[in-house]
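I opened a fresh page for this chain and went through it one look-up at a time. Here are my notes, in the order I took them.

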Amino acid sequence: MAVPVVDAEYRNEIERARIELQNLIASNKYSARDLLRLAYACQFSISSAANSDAGITTSTTDAKIKTQAANNDLRTAIENIKVNHPTITYPDLYQLAGVVAVKALGGPIIEFVPGRKDSSISPNEGCLPDGKQGPSDLREVFHRMGLSGDKDIVALSAGLKLAKRAYSKTFGVGGPEFDNSYFVELLKQDSSLLQLLPTDKALLEDTKFRGYVQLYAKDKEAFFRDYIESHKKLSELGLPHSSFFRSTLEKGRSALEKGTSAVKNTPVAQRAVGVAVAAAVVIFSFFYLIHRRRASKHSSHQFQ
């Protein structure tokens, strides 16, 4: 599927908002790590909602994302940028903040693709991966988001660690920069610089994960190259060309096949109804993902 098309004026608004986000970080009143965490939380909420009891209709980035930013004034600052650029959707603004934050922290430049739609669902930061998860748990969390490669898991783990502030105070007020130091310290298993959680240890205990840890510890450029690719996959979840979008539709097709199979041996009338209902689910899911409703209003409490 094609990348969403936005007009020139929308792209101009994106660039103006980018400058405001850069200035926000440069003011030293707000942490780039908090903005990065906001971007991550928004995308992990997509998967959480899509796999919840609410079903497929919740698989969209939210317009009222909740976060636990260390600086409570961040919510006001982000809202001010949104007010200055009302045509930009909240999820586009959040993901733009993420790529701006990575660059501000010393990380690589990541291409930003706009085109996300607003929604009225309200996920929260609790959707971020739990620090107590082991290798199989990590794979399950990432795989259901369409991030099936171990490379994605290891590369994004560094960003998540930075965003969640899970470092020792040894780094000082500014904290660590975005580089491959996470992997270097992880191999040393030095708790004075790195708060080792089960998820960190999982990257060392699993043979495939450890291979990437060793590679990134030796080669910063390899880490940046892979991180760019993985971050783009994560930030573009929900867009029509994303693997998550395709896998969601595949789930719909699977539901249709199961529904058809289930009614195979039922009376003709009931069989027709069953197939029609299953088909309706797939069709509704498809058009919901493409034509997601814009939120009728955006609460001032969205960052609580």
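**Entry 1: a buried acid**

I started with D200, which is buried, with a relative accessible area of 2%. I note here that the model is predicted. The cut-off for buried is under 20% relative accessible area, so D200 at 2% falls within it. I placed the residue in the secondary structure next: D200 sits in helix α8.

Which side chains does the side chain of D200 meet in polar contacts? I found K161, with a polar contact of 2.5 Å between the two side chains. I also found Y182, whose side chain makes a polar contact of 2.6 Å with that of D200.

I then listed the contacts of D200, leaving out residues up to four places away in sequence. What D200 touches on that count is K161, Y182, L186 and Q195.

**Entry 2: the partner lysine**

I turned to K161 and asked: is K161 buried or exposed? K161 is buried, with a relative accessible area of 6%. Its place is helix α6. I checked the pair from this end as well, and the side chains of K161 and D200 are joined by a polar contact of 2.5 Å.

**Entry 3: the second largest pocket**

K161 came up again when I looked at the pockets. In the second largest pocket, K161 is one of the residues that lie nearest the centre, together with S157, L160, K164 and T199. I read off 15 lining residues for this pocket and a space of about 220 Å³.

Which helices each supply at least two residues of the lining? My list is α5 (135–143), α6 (150–163) and α8 (198–205). I sorted the lining by residue type and got 8 nonpolar, 3 polar and 4 charged.

**Entry 4: the rest of α8**

I went back to α8 for its buried residues, and they are T199, D200, A202, L203 and L204. T199 is thus on two of my lists, as a buried residue of α8 and as a residue near the centre of the second largest pocket. I looked up what the buried residues of α8 pack against, and noted α5, α6, α7 (181–188) and α9 (207–218).

L204 got a line of its own. L204 lies in helix α8 and counts as buried, at 10% relative accessibility. Not counting residues up to four places away in sequence, L204 touches L186, L187, Q189, R210 and V213. I took one distance here: the C-alpha atoms of L204 and Q189 are separated by 9.6 Å, with their positions 15 residues apart along the chain.

**Entry 5: α7 and the residue after it**

Y182 and L186 had both turned up as contacts of D200, and I looked at their helix next. In α7, the buried residues are S181, Y182, F183, E185 and L186. Their cover includes α6, α8, α9 and α10 (220–235).

Just after α7, Q189 takes a positive phi of about 55°. I reminded myself that most residues other than glycine have a negative phi.

**Entry 6: another positive phi**

What is the phi of N28? I read a positive value of about 65°, although N28 is not a glycine. N28 is in the loop between α1 (8–26) and α2 (32–50). I also checked its accessibility: N28 is exposed, with a relative accessible area of 70%.

**Entry 7: an arginine on α10**

I picked R225, which is found in helix α10. R225 is exposed, with a relative accessible area of 51%. The cut-off for exposed is over 50%, so R225 at 51% counts as exposed. From R225 to A155 I got 9.6 Å, C-alpha to C-alpha, for two residues 70 apart in sequence.

**Entry 8: the whole chain**

I finished with totals. How many helices and strands does the protein chain have? I counted 12 helices and 0 strands. Buried residues make up 51% of the 304 residues.

I looked at contact range too: among contacts between residues at least 6 apart in sequence, 79% join residues at least 24 apart. My last figure was the accessible surface, about 14300 Å², of which 52% belongs to carbon and sulfur atoms.

How values were computed: Residues are numbered from 1 along each chain as its sequence is written. This is a predicted model: local features need pLDDT of at least 70, side-chain atom pairs count only at pLDDT 80 or more; totals for chains, interfaces and linings use all residues. Side-chain values use heavy atoms; hydrogens and water are left out. On a 1 Å grid over the protein atoms alone, a cavity is a set of points where a 1.4 Å probe fits but cannot get out, and a pocket is an open set with protein on both sides within 12 Å along at least five of seven lines; lining residues have an atom within 4 Å of a point. Grid points are joined across faces, edges and corners, and a volume is the space filled by probe spheres set on the points. Helices (H or I, at least four residues) and strands (E, at least two) are DSSP runs, numbered from the N terminus. Ala, Val, Leu, Ile, Met, Phe, Trp, Tyr, Cys and Pro count as nonpolar, Asp, Glu, Lys and Arg as charged, and the others, Gly among them, as polar. Buried means under 20% relative accessible area, exposed over 50%, partly exposed in between (1.4 Å probe, protein chains only). A polar contact is a pair of N or O atoms within 3.5 Å; within protein, one must be able to donate a hydrogen and the other to accept it, and residues adjacent in sequence count only if both atoms are side-chain atoms. Contact means heavy atoms within 4.5 Å. Accessible areas come from the Shrake-Rupley method with a 1.4 Å probe; for residues, only the protein chains shown count as cover.
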